[in-house]
Amino acid sequence: MKLLVWLSLCFAVFTHAQEPPPAGYDQLGEPVPLGAAGSGQLLLATTVPGAYLPAPALEAEVAIEVTGLVARTRVVQRFRNPTDVWVEGVYVFPLPTGAAVDQLHLVVGDRVIPGEIHEQQEAERIFAEARATGRRASMLSQERPNLFTTAVTNLGPGEHALVVIHYQEDLRYDAGTFELRFPMVAAPRYVPGVSTVLTPPVVTAGAKLNPVALSVTLDAGFPLAELDSPSHPLEVEKARETGYQVRPRGGPVPADRDFVLRWRPAVGKAPRAAVFTEERDDGVYALVMVMPPSEKDPAATVRLPRETVLILDTSGSMSGASIEQARESLRFALARLAPEDSFNVIEFNSFARKLFAESQPAHRELVDEAQAFVAGLDANGGTEMLPALKLALEGPTVPGAVRQVIFVTDGSVGNEAELLAYLGENLGDSRLYTVAIGSAPNSFFMEEAAARGRGTFTHIGRPEDVAEKMGELFAKLESPVLSGLELTWSDPRVEAWPEKIPDLYLGEPVVVAARMVAPGARVE
């Protein structure tokens, strides 16, 4: 099972009152664009439609707990209504990319308003029902991909509003370094064609802008070679061998720049593993993280040999821009092959065919032949994936090589169950990496196939994204350092995800989540 499930969330809160237009909408029910807020802002509606007044931020406390690759953040902020009238407002919070809100509480005056977490469709239904029956409803929604909002109602003259928000995120790991970023910049956001642009509050010279008391409890799982911040001077206390307490030096800091924390584990010449556990009412949850060796160590530059099989969907559903993107993806992949690699190309529509009877060394003349083969492919016919998978998985293989099957398609099939069942029974030692092409791929099938194939899923939605997305994929695939990973638990009742563990690549850790019925289970 997955330890963390990221959902597209909405938030519904109910009290009883007559329903005016919700905050963030004008009198005609049209949405009003919102500006970016630093570590969170409460914006109060004014008598001018679409205009907002930032409420004074009295205090803000941010506590971040980092466990391996996962960060959980708790933000507590107190605001005041500076006017002499009752007002409606909207709380705006910018999230790091990939983060998900899972708790939010509002305290308005002496009213405590807990939140209910719902997925997007259900929350919108509840919100509409509450409006229709005259109940007050507040809904947390995603205004931008990294901007969340929730309404705050009936804030009295001089009254305080307390906001408590929790979110969690996967941390960024690149080139041996972890990075945590907490957004604090209170910058305006301009929307073309819209006259209303929100700006942060103006403060006098020398005053701290929305002061934030921030602390990070870091359990890296490994001793650290480096721990620093490019944004703020730090105070660091070592709590235990792999634990640290970190805060900006000098106490609360103004919200005039994002807080960034970076650390690099001292992993050395060989892969290392760490285990994190957390007890809950329904069992003990564990996170196992295997770190690759240091990229700076000469021993880490030794890569395992690779066999790369490229599968290209040339069915009719791939016509137009999709086939262009797909061909460009394969051209990019072929150009990245090293002479010591082996490779083959398979194309399929109503039928499937291989370029070579078996994988060939990536010598220049053979790669050039493959490039010419790919350039001549066009989209037509049906989408018979199974014969292509059989050609890739049932033929001869290169002994001792890490076998990487890269499947480029829009996934437009209706026999997903049959295909996934085949992969489960016939994948063997191959690793399957799916590349989805176009604006509306079959993401369910593509993601599930990659998960069962101990690989990853990549989506390329626009032609201009091909080089970046394929570059990121191949930068990883070119550096396998450990294959055939297995975890053995002392308690057979342990549930772990993913069931099949992917290979370990230079610059990217492997993470396994598990649920134990009782504490004390050991892992090897």
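User: In what order do the eight strands of the open sheet stand?
Analyst: In this predicted model, eight strands come together in an open sheet whose pairing is mixed. From one strand to the next the twist averages 10 degrees. The order of the strands is β8-β7-β12-β5-β4-β15-β18-β17.

User: Which are the edge strands of this sheet?
Analyst: An edge strand is one that pairs on one side only. In the sheet described above, this holds for residues 111-113 and for residues 234-238, which are the strands β8 and β17.

User: How many bridges join β17 to strand β18?
Analyst: Strand β18 covers residues 243-248, and β17 and β18 run antiparallel. Within this pair, L234 stands opposite P248 in β18. The number of bridges that join β17 to β18 is five.

User: Is α2 oblique or parallel to α7?
Analyst: Helix α2, residues 321-335, packs against helix α7, residues 466-477, with their axes 10 Å apart and at an angle of about 40 degrees. Angles under 35 degrees would count as roughly parallel, so the angle between these two helices makes α2, with respect to α7, oblique.

User: Which residues of α7 make the contact with α2?
Analyst: On the α2 side the contact is made by Q325, E328, S329, F332 and A333. Taken over both helices, the contact residues divide into six nonpolar, three polar and one charged. The residues that α7 contributes are V466, A467, M470, G471 and F474.

User: What pLDDT does the chain average?
Analyst: Of the residues, 76% score at least 70, although over residues 1-38 the pLDDT is below 50, as it also is over residues 134-145. Where pLDDT is low, the predicted coordinates should not be read in detail. The average for the chain is 75.

How values were computed: Residues are numbered from 1 along each chain as its sequence is written. This is a predicted model: local features need pLDDT of at least 70, side-chain atom pairs count only at pLDDT 80 or more; totals for chains, interfaces and linings use all residues. Side-chain values use heavy atoms; hydrogens and water are left out. Axes are lines fitted to C-alpha atoms, for helices over the stretch in contact, and angles run from 0 to 180 degrees between N-to-C directions. Helices (H or I, at least four residues) and strands (E, at least two) are DSSP runs, numbered from the N terminus. Angles under 35 degrees count as roughly parallel, over 145 as roughly antiparallel, 65 to 115 as roughly perpendicular and the rest as oblique. Contact means heavy atoms within 4.5 Å. Ala, Val, Leu, Ile, Met, Phe, Trp, Tyr, Cys and Pro count as nonpolar, Asp, Glu, Lys and Arg as charged, and the others, Gly among them, as polar. pLDDT is the predictor's confidence in each residue, from 0 to 100. Two strands pair if DSSP finds at least two bridges between them.
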